[in-house]
Amino acid sequence: MAQILRGKEVTEALNASIQADVAALKEKGVFPTLGILRVGERDDDIAYERGACKRCETNGVAVKKCVLPADVSQETLMEAIREFNEDPSVHGVLMFRPLPGHLDEDAACEALLPEKDVDGITQGSAAGVYMGKAIGYPPCTAKACMAILDHFGIAVAGKKAAVIGRSPVIGRPVAMMLMQKNATVTICHTKTENMEEVCRDADIVIAAAGKARMVDDSFVRESQTIIDVGIHVGENGDMCGDVDFSMVEPVVGAVTPVPGGVGTVTTSILVRHVVDAAQQGLRK
């Protein structure tokens, strides 16, 4: 039976650290604040916003919201971003994507200051991830994967890691972060030959393929650590990940559940980034 890497344990440790830092900042007159920019009323955006706000409240971080209609003009959207950039009381900004199709999403992302980009959407943040520099912040989900490995003391240096998925949101940044921890990384994608064999050879597998239950027992072996980034909702309302948990859990050494794994940690990472940004602002 595998060790279940539950996100709740990681989140509790993160929250304790965040709350101590928030208290110290408030003693210095700094009140960490997250700006939320949402366009339209997408159910998944609203659900994540609700979770982020709750996590902020738990940790003593304030929230300022800007909700724009789905038919908003590019000019109005850019003005909202500019206002967040220029507001010294807002330390980090979460802008929900994808934006409606009539908007220039690339321009909107690049308008955000990297130092306020707490979810890794700007080119500046991407450069920071790829170059190992303190520019902006990595995407929260990718950072959550690393936080789970770190919390449970799972060795990364010198290990083989396979990342399934090459998206700029999860697959590519988490691969870079694994390499920064001295792992040997293979990125798998739709054109990868013998993917099952590549994954079986790895010590750590990050599943971010976006395909429900894709990773079954043919992908795994004993003693591996499996991090499941996927989240899917079936017709009956049941949630699952990219990993077929029932097939993989009896084989591997450790695995994250869905729900209750990576997603649980992601909002705490978001809040951690806001507090980090507030601390950086204090040092300037």
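This is a short chat about a sheet and a pocket in a predicted model.

Visitor: In what order do the strands of the open sheet run?
Guide: The order is β3-β2-β4, three strands with parallel pairing. β3 (62-68) and β4 sit at the edges, and each pairs on one side only. On average, neighbouring strands are turned by 20 degrees against each other, direction ignored.

Visitor: How many bridges join β2 to β4?
Guide: Four, with β2 covering residues 33-39.

Visitor: Which residue in β4 partners glycine 35?
Guide: Valine 93 is its bridge partner. Leucine 34 stands opposite glycine 92, also in β4.

Visitor: What about the faces of β4, covered or open?
Guide: Both faces are covered. Gly92 and Leu94 are buried on one side, and Val93 and Met95 are buried on the other.

Visitor: Which strands does helix α2 lie across?
Guide: α2 (residues 43-59) lies across β2, β3 and β4. Its angle to β2 is about 170 degrees.

Visitor: Switching to pockets. How much space lies in the second largest one?
Guide: About 910 Å³.

Visitor: And which residues lie nearest its centre?
Guide: Gly136, Tyr137, Pro138, His273 and Asp276, out of 39 lining residues.

Visitor: Which helix gives the largest share of that lining?
Guide: α10, with nine residues. That helix spans 262-283. α5 (123-131), α6 (140-151) and α7 (171-180) each supply at least two residues as well.

Visitor: What's the lining like by class?
Guide: The second largest pocket has 20 nonpolar, nine polar and ten charged lining residues.

Conventions:
Residues are numbered from 1 along each chain as its sequence is written. This is a predicted model: local features need pLDDT of at least 70, side-chain atom pairs count only at pLDDT 80 or more; totals for chains, interfaces and linings use all residues. Side-chain values use heavy atoms; hydrogens and water are left out. On a 1 Å grid over the protein atoms alone, a cavity is a set of points where a 1.4 Å probe fits but cannot get out, and a pocket is an open set with protein on both sides within 12 Å along at least five of seven lines; lining residues have an atom within 4 Å of a point. Grid points are joined across faces, edges and corners, and a volume is the space filled by probe spheres set on the points. Ala, Val, Leu, Ile, Met, Phe, Trp, Tyr, Cys and Pro count as nonpolar, Asp, Glu, Lys and Arg as charged, and the others, Gly among them, as polar. Buried means under 20% relative accessible area, exposed over 50%, partly exposed in between (1.4 Å probe, protein chains only). Two strands pair if DSSP finds at least two bridges between them. Axes are lines fitted to C-alpha atoms, for helices over the stretch in contact, and angles run from 0 to 180 degrees between N-to-C directions. Contact means heavy atoms within 4.5 Å.
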